[in-house]
Amino acid sequence: DLVGSTALVSGTDPEVARRRVQQYFDLVKQCVITHGGIVEKFAGDAVMAAFGIPQGHEDDAERGIRAALEIIDSVAELGLEARIGVESGEVVVDDVESTFATGEAVNVAARLQQAASPNGILVGPGAHRLTLGCFEVEDEGPIEARGLAEPVWTWRVVGTTRTEASR
């Protein structure tokens with residue numbers, strides 16, 4: 001999700017604002033594709049990406065977090081900020097003209113994104129478990145997630161571990 005998009009659009013010429021938002025979308029899409037994901041949809045100022053569709057990989061959660069780190073760095077070069085939520089789990093995908101993923105992981109990722117700070121990446125329990133040791137994270141504790149019966153435990157991604165950074 002693009003941080004401050006309402007102010008960006010309200011305080012700028014509409015054509016300039018549209019170009020900046022389009023640059024953001026293009027950049028995010030490139031980061032996602034580079035790490036083996038797909039852009040599932042653009043919604044307002046948000047991008048929903050998926051990894052493991054149409055082909056699953058053992059490291060899809062890791063790919064998603066690596067893409068998130070690259071997105072934060074790349075968006076900063078545009079003078080913009082983003083909030084990102086990452087969760088892993090089973091989803092159902094409709095393969096008609098475009099994919100349409102549904103499942104708890106999609107909902108949790110959206111709630112994580114909403115709870116993330118500007119330029120922050122929050123991961124849920126599934127993504128955290130699958131990427132242990134790959135990233136430096138800080139325990140952020142539980143968040144109340146609208147629509148879910150139980151709070152969701154979260155971790156903030158700080159960076160890659162030394163071992164991973166040297167790859």
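**Close-up views of a predicted model**

**View 1. Lining of the largest pocket.** Helix H2, strand S2, strand S3 (46–51), helix H3 (60–77), strand S4 (81–86), strand S6 (99–102) and helix H4 (104–115) each contribute at least two residues to the lining of the largest pocket. Helices (H or I, at least four residues) and strands (E, at least two) are DSSP runs numbered from the N terminus. The model is predicted: local features need pLDDT of at least 70, side-chain atom pairs count only at pLDDT 80 or more, and totals for chains, interfaces and linings use all residues. Residues are numbered from 1 along each chain as its sequence is written, and side-chain values use heavy atoms, with hydrogens and water left out.

H4 gives the largest share of the lining of the largest pocket, 7 residues. The space in this pocket is about 1000 Å³, a volume filled by probe spheres set on grid points joined across faces, edges and corners. Met48, Ala49, Ala50, Gly85 and Ala109 are the closest to its centre among the 44 lining residues. (On a 1 Å grid over the protein atoms alone, a pocket is an open set of points where a 1.4 Å probe fits, with protein on both sides within 12 Å along at least five of seven lines; lining residues have an atom within 4 Å of a point.) By class, the lining of the largest pocket has 26 nonpolar, 11 polar and 7 charged residues; Ala, Val, Leu, Ile, Met, Phe, Trp, Tyr, Cys and Pro count as nonpolar, Asp, Glu, Lys and Arg as charged, and the others, Gly among them, as polar.

**View 2. Aromatic cluster of Tyr24, Phe25 and Phe42.** The whole structure holds 2 aromatic pairs. In one, the ring centres of tyrosine 24 and phenylalanine 25 are 5.6 Å apart and the planes meet at 45°, so this pair is tilted (rings of Phe, Tyr and Trp, its six-membered ring, pair if their centres lie within 6.5 Å; planes under 30 degrees apart are stacked, over 60 edge-to-face, the rest tilted). Tyrosine 24 is buried at 2% relative accessible area, and phenylalanine 25 is buried at 10%. Phenylalanine 25 also pairs with phenylalanine 42, with centres 4.6 Å apart and planes at 50°, again a tilted pair. This pair links distant parts of the chain, from H2 (residues 14–34) to S2 (residues 37–43), 17 residues apart. Phenylalanine 42 is partly exposed at 41% (buried is under 20% relative accessible area, exposed over 50%, partly exposed in between; 1.4 Å probe, protein chains only).

**View 3. Helix H3 and the residue after it.** The end C-alpha atoms of H3 are 26 Å apart, in agreement with the 26 Å expected for 18 residues at 1.5 Å a residue (1.5 Å times one less than the number of residues). Its buried residues include Ile65, Leu69, Ile72 and Val75, and also Asp60 and Glu62. Glycine 79, just after H3, has a positive phi of about 75°.

**View 4. Open sheet of 5 strands.** Strand order is S1-S4-S7-S9-S8, with mixed pairing (two strands pair if DSSP finds at least two bridges between them). S1 (2–3) and S8 (135–143) are the edge strands, each with a single partner strand, so one side of each has no neighbour in the sheet. S1 and S4 run antiparallel over 2 bridges, with leucine 2 opposite alanine 82. S4 pairs with S7 (residues 120–123) in the parallel sense over 4 bridges; isoleucine 84 has isoleucine 121 as its bridge partner. S8 and S9 (residues 152–160) run antiparallel, joined by 8 bridges, and aspartate 139 stands opposite tryptophan 155.

**View 5. The two faces of S4.** Ala82, Ile84 and Val86 point to one face and are buried, whereas Glu81, Arg83 and Gly85 point to the other and are not.
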